[in-house]
Amino acid sequence: MSKPAVFVARRIFPDIVDRLREHFDVEETESDQPLPQPELIRRLQGKAGLFATGTERIDTFLLEACPALQAVCLMTVGYNNVDVAACTARGVRVSNAPDVLTETTADFGFALMLAAARRVSEAEAYLRAGRWKEWHVDLLVGADVHGRTLGVLGMGRIGQAIARRGALGFGMKVIYHNRSRLPESVEAPLGARWVSKPQLLAEADHLIVVLPYSPEAQHLIAARELALMKPTATLTNIARGGIVDDAALADALQQGHLAAAGLDVFEGEPTVHPALLECRNVVLTPHIASASIPTRRAMCHLAVDNLIAALTGGEMKTALN
Ligand code: 8YV
């Protein structure tokens, strides 16, 4: 019996493609570029499964054009690129890759927050530019993180992992905002307190954005929200571009309405708003929060596990429909 055909939409680890080959007839792109949708549709003809990342747009148009498709398995936790309802309506199974990246992503969020507060990028640029001639009492002084108030916007798995680092490792007070309050059993060990969004903005010394992208989350943090923050505060975004209004953020950073920012995700990435590139007080990284070797491998393996399950009549580990 011939094996089901699957398409791998981005270059991944060769040994993980080999694992797919044990079960499937595999076609892969060798490219690191996202495929334009017409090319993706062309390559998906006759394929039952798709191994995808967070960038391939899976919508009604693609689904109509790819009638053989039965399963879309993402190696990412974010799935705002997939119209899950449209997939469900056509009997296409969808999975994402939560949990395996939680701690790694939280590590990175914390690193960005620390780097923003303590001006790490700015300090390195200063040194590399040969500007370090003597020690000053206030040379590149920044904000403390330990003992300060951590504000978490989006207290899901990754938000809670960041809150744990803050509360247990850095003695921070934790406040958070979610649409609904979390159970006492989650809040109590972290000493976490639910607050309204305006309170979160006003009280946080270090605000971190970790909520999933949805159209309602577009520009959830814009000029009006930034104006509520302390001028000594920092803002870190490791969620998705578009949740923060990057132009308004650059403006706040330039005008001194906010001390610093740490950004791993951008509106329209990989393009970065030119005004952000001009700001000294922002740490910028190219969407690498989950990028440790073990975690990126675990994310790929989870997508493969799900593809195998979906196309052999099994139970996907992390199904979205
Ligand atoms: C990915 C992420 O690296 O999992 C997610 O949702 O944002 C990251 O882990 C990114 O989506 C790559 O496209």
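This passage looks at the surroundings of Thr76 and then at the largest cavity in a predicted model.

Thr76 sits in a loop, the one that runs between β4 (71-74) and α4 (84-89). Its relative accessible area comes out at 14%, and because buried means under 20%, Thr76 counts as buried. A polar atom of the Thr76 side chain lies 2.9 Å from the backbone oxygen of Gly78. Setting aside neighbours within four places in sequence, Thr76 touches residues from several other parts of the numbering: Thr53 and Gly54, then Asn96 and Ala97, and finally Met299.

Turning to empty space inside the protein, the count comes to 1 cavity of 30 Å³ or more. The largest cavity holds about 50 Å³ of space. Its lining takes in Ala115, Ala116, Arg119, Val120, Ser121 and Glu122, together with Ala260 and the run Arg280, Asn281, Val282 and Val283. In terms of elements, α5 (102-117), α6 (120-128) and β12 (282-284) each put at least two residues into this lining. The largest share belongs to α6, with 3 residues.

As for the chemistry of that wall, the lining of the largest cavity is made up of 6 nonpolar, 2 polar and 3 charged residues. Among the residues in the lining are Arg119, Glu122 and Arg280, which count as charged because Arg and Glu fall in that class. Ser121 and Asn281 also line the largest cavity.

Notes
Residues numbered from 1 in each chain as written. Predicted model: local features only at pLDDT ≥ 70, side-chain atom pairs only at ≥ 80, totals over all residues. Heavy atoms only, no water. Helix = DSSP H or I, 4+ residues; strand = E, 2+ residues; numbered from the N terminus. Buried < 20%, exposed > 50% of the residue type's maximum accessible area, 1.4 Å probe, protein only. Polar contact = N/O pair within 3.5 Å; in protein donor to acceptor, adjacent residues only side chain to side chain. Contact = heavy atoms within 4.5 Å. 1 Å grid on protein atoms, 1.4 Å probe; cavity = no way out; pocket = protein on both sides within 12 Å on 5 of 7 lines; lining within 4 Å. Points joined across faces, edges and corners; volume = space filled by probe spheres on them.
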